[in-house]
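Work through the exercises below with the sequence and the model open. Each task is followed by a solution in steps.

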Protein chains: 2
Amino acid sequence: MLIEILCTGDEILTGKTVNTNYSHMASRLNEVSLKMHWGTIVGDSREDLREAFEQASKRADIVIVNGGLGPTVDDLSQEIAAEAAGVKLKLNQAWLDRMLAFYERRGRTMPPNNKKQALLPEGAEFIDNPIGTACGFAIDIGNARFFFTPGVPREMKRMLDEQIIPRLLEMSGVKKLTTLKRFHSFGIGESRADQMLNDIETDINKEFVKLGFQAHYPQLETKIVIQAEDKSETEEILQPIIETVRERYGNFIIAEDNATLEGSILAELARTNSTLATAEMYTSGAISARLNPPVGDPDPVLRSLVSRDLKELSRAVNLTLQEEAICFNTESAEKISTALRTEAASSYALATLLNIDRDKDGIEAGGDIIIGISTMGGSYCRKARILGGHEWVRLGAIELTLDVFRRHLMKLPIDERIDFEKR
Amino acid sequence: MLIEILCTGDEILTGKTVNTNYSHMASRLNEVSLKMHWGTIVGDSREDLREAFEQASKRADIVIVNGGLGPTVDDLSQEIAAEAAGVKLKLNQAWLDRMLAFYERRGRTMPPNNKKQALLPEGAEFIDNPIGTACGFAIDIGNARFFFTPGVPREMKRMLDEQIIPRLLEMSGVKKLTTLKRFHSFGIGESRADQMLNDIETDINKEFVKLGFQAHYPQLETKIVIQAEDKSETEEILQPIIETVRERYGNFIIAEDNATLEGSILAELARTNSTLATAEMYTSGAISARLNPPVGDPDPVLRSLVSRDLKELSRAVNLTLQEEAICFNTESAEKISTALRTEAASSYALATLLNIDRDKDGIEAGGDIIIGISTMGGSYCRKARILGGHEWVRLGAIELTLDVFRRHLMKLPIDERIDFEKR
């Protein structure tokens, strides 16, 4: 089944808006094993839309059109779709009523222009949009079935997942229920992860299990897509795979599905009613910035201190040591974290010391990281060296600090070697 | 002149990589008044590339192909280009020599695969790539001239600006020299900016002056594109426009061209050999994170303190006030900044207090911002209320703090009303 995406709109054509709708749609289709064949971008022009519709209708089985369903004169998708399908536009009274009610609930009158959004090509299949005024629709043009979706990202995403992908899966004859399982790990490189899991696809029911990786340094995302008849078959296939991945990745799994590393730290701090203070060097304060609960929620991070200067950091926690005694070593990291915990009266304190090599180009260039954790039960330390450019080292240091703290909270070893680390 | 962009590669087609190359190319062309007509995305497939080349050659005058110039088997651009143009591939010895020298300088041997990158269609025009091993080329296919560019963003960007746009401008008959002047402002909304400058396009030499806005909240970018015969004609047209914009925007211009708000603050601190400390509430430490000189450069920000809790912030600067005396008011902002300046022994200290409304949905929801500046000569204060969601208020508070500090350093009034502010 050949699938195309046709993105419309001058903002996309002229590059003013980056086309993240396209990449989202294509990724989601790919995740459920629907293969992309072609992408087209045209502006709000009748002639170009006509030509694009005609060409796509000859090339593809499925065409997903994005954009052009709005209320203004340059929104042309319904009009051109009707023309290309050789039918007239017809008012969809049910949708018009929904729009009127939508405005009424907000205490506003619907502008007359919006009525246009309820005009669909005759014979088109209505596709619901539960969160906006641009409904979707599907219609055959030439040999292809065209699906029309709104340009507003959250409306498009929901329509794609709830309405369009199920229809496409049914048309393509693949199994009915598609499930995506995601693992987020830190410390395992993509190629090693591939080696660790490469028997999964061949072992089990090959046809309906798909394994994929997406590296967002420093994290790695491992995606497993299962296609099955129903929930119980999904469980049956997925459960042993989940166990295998958990066993092989071990402590390197930082979160699963929509959970995050920082989210699990915040949850654990909330659960144990604990607080934290951080001191950071060369991280631009990103460690505390990541631990950022929604406004109104309790914030376990009492205070954060940021400085590139080690002596300044010690002074800021009122360390009364002689200045000469402060060096870039594990002792200083533990002393700073301990002093900070006392100053802030927090349950935990983290100190991340970072020393980035100045020589940027050498193959051996990188940075040294020392992480001190102070707790009521004593202080701990983790030292690491990461090779790479400044930003690479900085991002690695931020992630390593958060991960070491997660490991401490979860009572896991904090010293397991990560793949990015030089030992 | 109809221009198309054809993006190739499975990573782009399947959405794994967001197509920022497309948006960059289209924006740059738009900036120099070259109009985009069509965009196509295809994967690394011989058949699809052939079809895409053929269709584009019929539709367009100019086709810019991006990607597929690498050394691996799935890089097919040269091969399909030669086929489509009806010519053979031929070794470009000069480019092969350049590649060999490139590897030699790095003390490495060129992998044999890379030789492929020196095979160009016979009769193609060579287009230089001074920073990579994928050279570009141009060749006529059907009615269109095709330009081939590498997929690596920094190589593509340089080739586009230095090699391709000048050729396109010449072909399109527009004036030879295109100049882009940019102003970055904070505090003027896009629609008001448009009103303030809308006579510029009509007043002066309309045809060769193009005005555009791009809102990246909280900043606004104003772009002026001038096309002229040479440098002196450019000067002549541009100078009065620059003066007009500077006069009308006044103190709201935070930087011009490649300069930034944070860059001008860092430069001013360096020039006067001054230092800074910051205390921040609810900003995730973003104020100090923005003031982030390259590793190795002196860092004027001695320390930053971040906390959501006002009392915690006071304790962290060793304010010995009674806790009841610390409220969300201008006095506290001044006291905290003054105490912080003493603690850090810095020339300046900034304290940003932020109180975000908890009621998220109301039309009147927003946040209150109080900024305290402590200097050797005394302390100053700026208070503001910004309406909008949490992130909107947070971003506004960060920008307002940096701007107020810039204004103080430049001896400009810190209290001018910004458009986002409720007074």
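Two residues are in contact if their C-beta atoms, placed from the backbone, lie within 7 Å. The model is predicted: local features need pLDDT of at least 70, side-chain atom pairs count only at pLDDT 80 or more, and totals for chains, interfaces and linings use all residues. Residues are numbered from 1 along each chain as its sequence is written, while chains are lettered from A and ligands numbered from 1 in the order in which they are written.

**Exercise 1. The contact between the chains**

Task: State how many residues each chain gives to the contact, and which elements of chain A supply them.

Solution. Step 1: chain A gives 43 residues and chain B gives 43 residues.

Step 2: the elements of chain A that give two or more residues to this side include helix 2 (20-31), strand 2 (36-42) and helix 3 (46-59). Helices (H or I, at least four residues) and strands (E, at least two) are DSSP runs, numbered from the N terminus. Helix 2 of chain A makes the largest share, with eight residues.

Step 3: sorted by class, the side of chain A has 16 nonpolar, 19 polar and eight charged residues. Here Ala, Val, Leu, Ile, Met, Phe, Trp, Tyr, Cys and Pro count as nonpolar, Asp, Glu, Lys and Arg as charged, and the others, Gly among them, as polar.

Step 4: strand 2 of chain A and strand 2 (residues 36-42) of chain B run antiparallel and are joined by three bridges. Strands pair if DSSP finds at least two bridges between them. Within this pair, G39(A) stands opposite I41(B).

**Exercise 2. The relation between the copies**

Task: Find which rotation superposes chain A on chain B.

Solution. Step 1: two copies of a chain are related by a rotation about an axis and a shift along it.

Step 2: the rotation is 180°, with 0.2 Å of shift along its axis and an RMSD of 0.3 Å. The copies are superposed by least squares on the C-alpha atoms of residues with pLDDT of at least 70 in both.

Step 3: the two copies are therefore related as by a two-fold rotation axis. Both copies use the same surface, as 100% of the contact residues of chain A recur in chain B.

**Exercise 3. A buried strand**

Task: Decide whether strand 3 (residues 62-66) of chain A is buried or exposed, and name its partner strands.

Solution. Step 1: a residue is buried if 20 or more other C-beta atoms lie within 10 Å of its own, exposed if 12 or fewer, and partly exposed in between, with C-beta atoms placed from the backbone.

Step 2: five of the five residues of strand 3 of chain A are buried, so this strand is largely enclosed by the rest of the structure. I62(A), I64(A) and N66(A) lie on one side, V63(A) and V65(A) on the other.

Step 3: strand 1 (residues 3-8) of chain A runs parallel to strand 3 of chain A, with five bridges, and C7(A) stands opposite N66(A). Strand 8 (residues 144-149) of chain A also pairs with strand 3 of chain A in the parallel sense, over five bridges; there I64(A) is opposite F147(A).

**Exercise 4. An open sheet**

Task: Which strands of chain A stand at the edges of the four-stranded open sheet?

Solution. Step 1: the order is 10-11-9-12 in chain A, with antiparallel pairing.

Step 2: strand 10 (209-216) and strand 12 (253-256) of chain A are the edges; each has a single partner strand, so one side of each is left without a neighbour in the sheet.

Step 3: eight bridges join strand 10 of chain A to strand 11 (residues 219-228) of chain A, and H216(A) has Q219(A) as its bridge partner.
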